[in-house]
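Work through the exercises below with the sequence and the model open. Each task is followed by a solution in steps.

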Amino acid sequence: MTTGELREHAFDGIQEFDNRLPNWWLWTFYSACLFSIGYWIWFHTLGVGELPPEAYMTEQRAAAAVIEAEAAKNPVTEASLNKLASEPAVVAEGEKIFKTASLCAQCHGPDANGMVGGVNGVGPNLTDNRWIHGGSAMEIYRTISDGWPEKGMASWKGFGPMFVQRSTAYVLSLRGKNLPGKPPEEGATEYAGGK
Ligand code: HEC
């Protein structure tokens with residue numbers, strides 16, 4: 001492999017031999033190339049393998065399923081709702097519900113700040129810390145479950161307990177984010193219970 005030949009160029013008087021790359025090095029290089037093709041096909045073309053963010057979400061969902069199953073067996077409490085709100089996969093499900101145009105987003109806006117298409121929506125900003133019907137987990141749950149039909153907020157009980165609990169978890173995760181949006185409604189009071 002050593003040719004003993006010097007290459008023409010010199011840097012600061014330093015010259016290089018014109019040697020072949022060692023075979024062991026070339027093989028690690030070729031194998032890495034082959035591996036990358038396989039990797040690309042497996043993860044990106046066929047999508048058989050789960051990339052780390054997806055694998056993470058799968059784990060999160062499995063953990064959330066256990067917690068949701070537990071929640072479904074027990075009565076809904078302040079603590080059980082706060083626990084759901086601390087599960088990213090449950091909150092992600094709630095977010096999907098919320099952002100669906102025909103569900104919560106049509107009145108509260110996709111960002112939940114009360115803005116729909118750049119104008120004040122029908123529903124209030126849910127990201128501030130001011131609440132018409134109380135900002136505790138149980139109060140928000142009650143609002144979503146039973147609604148305040150006479151005030152324009154529908155009851156969502158009919159969509160099932162998980163629907164209500166997931167959307168409650170999402171609203172809890174928004175509490176106190178204070179996104180700029182629709183100003184608080186008349187009579188809304190500060191929720192003093194912290195986040
Ligand atoms: C048809 C319009 C409409 C839709 C759809 C709607 N809301 Fe509302 N929502 C309102 C209105 C209006 C109020 C304020 C009621 C009042 O003034 O008492 C409200 C109030 C609320 C409140 C209480 C806010 C507070 O300050 O106490 C929560 C929480 C809430 N909505 C969550 C949701 C969720 C979650 C969904 C979807 C599952 C949803 N809303 C869908 C109109 C809507």
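**Exercise 1.** Locate Ala 112 in the chain and decide whether this residue is buried or exposed.

Solution. Step 1: in this predicted model, Ala 112 belongs to the loop that runs between H5 and strand S3 (115-116). Step 2: the relative accessible area of Ala 112 is 0%. Step 3: buried means under 20%, so Ala 112 is buried. Step 4: the backbone of Ala 112 has a phi near 65 degrees, a positive value in a residue other than glycine. Most residues other than glycine have a negative phi.

**Exercise 2.** Carry out the analysis for Asn 178: find its loop, its phi and its exposure class.

Solution. Step 1: Asn 178 is found in the loop between H7 and strand S6 (189-190). Step 2: its phi is near 50 degrees, again positive in a residue other than glycine. Step 3: Asn 178 has a relative accessible area of 48%. Step 4: the class between 20% and 50% is partly exposed, so Asn 178 is partly exposed.

**Exercise 3.** State where Asn 125 lies and which backbone oxygens its side chain reaches.

Solution. Step 1: the loop between strand S4 (119-120) and S5 holds Asn 125. Step 2: with 4% relative accessibility, Asn 125 counts as buried because the limit for that class is 20%. Step 3: the Asn 125 side chain reaches the backbone oxygen of Leu 179 at 3.3 Å. Step 4: the backbone oxygen of Lys 182 is reached by the side chain of Asn 125 at 3.5 Å.

**Exercise 4.** Describe the largest pocket by volume, lining and class of residue.

Solution. Step 1: the volume of the largest pocket is about 660 Å³. Step 2: 35 residues line the largest pocket, and the closest to its centre are His 108, Pro 124, Leu 126, Thr 143 and Met 153. Step 3: two or more lining residues come from each of helix H5 (105-108), strand S5 (130-131), helix H6 (137-146) and helix H7 (161-174). Step 4: sorted by class, the lining comprises 20 nonpolar, 9 polar and 6 charged residues.

**Exercise 5.** Determine where the ligand sits and which polar atoms of the protein lie at its nitrogen and oxygen atoms.

Solution. Step 1: the largest pocket is where the ligand sits. Step 2: H5, H6 and H7 are the elements that give two or more residues to the shell around the ligand. Step 3: the shell has 22 residues, and the closest to the ligand are Cys 104, Cys 107, His 108, His 133 and Met 153. Step 4: by class, the shell divides into 14 nonpolar, 7 polar and 1 charged residues. Step 5: a nitrogen atom of the ligand is 2.8 Å from a polar side-chain atom of His 108. Step 6: a polar backbone atom of Ile 132 lies 2.8 Å from an oxygen atom of the ligand. Step 7: an oxygen atom of the ligand is 2.5 Å from a polar side-chain atom of His 133.

**Exercise 6.** Place Gly 158, classify its exposure and relate its position to Val 91.

Solution. Step 1: Gly 158 lies in the loop between H6 and H7. Step 2: its relative accessible area is 79%. Step 3: exposed means over 50%, so Gly 158 is exposed. Step 4: Gly 158 and Val 91 are separated by 67 residues in sequence and by 20 Å in space, C-alpha to C-alpha.

Note on methods
Residues numbered from 1 in each chain as written. Predicted model: local features only at pLDDT ≥ 70, side-chain atom pairs only at ≥ 80, totals over all residues. Heavy atoms only, no water. 1 Å grid on protein atoms, 1.4 Å probe; cavity = no way out; pocket = protein on both sides within 12 Å on 5 of 7 lines; lining within 4 Å. Points joined across faces, edges and corners; volume = space filled by probe spheres on them. Helix = DSSP H or I, 4+ residues; strand = E, 2+ residues; numbered from the N terminus. Nonpolar A, V, L, I, M, F, W, Y, C, P; charged D, E, K, R; others polar. Near = heavy atom within 4 Å. Polar contact = N/O pair within 3.5 Å; in protein donor to acceptor, adjacent residues only side chain to side chain. Sits in = over half its atoms within 2 Å of the grid points. Buried < 20%, exposed > 50% of the residue type's maximum accessible area, 1.4 Å probe, protein only.
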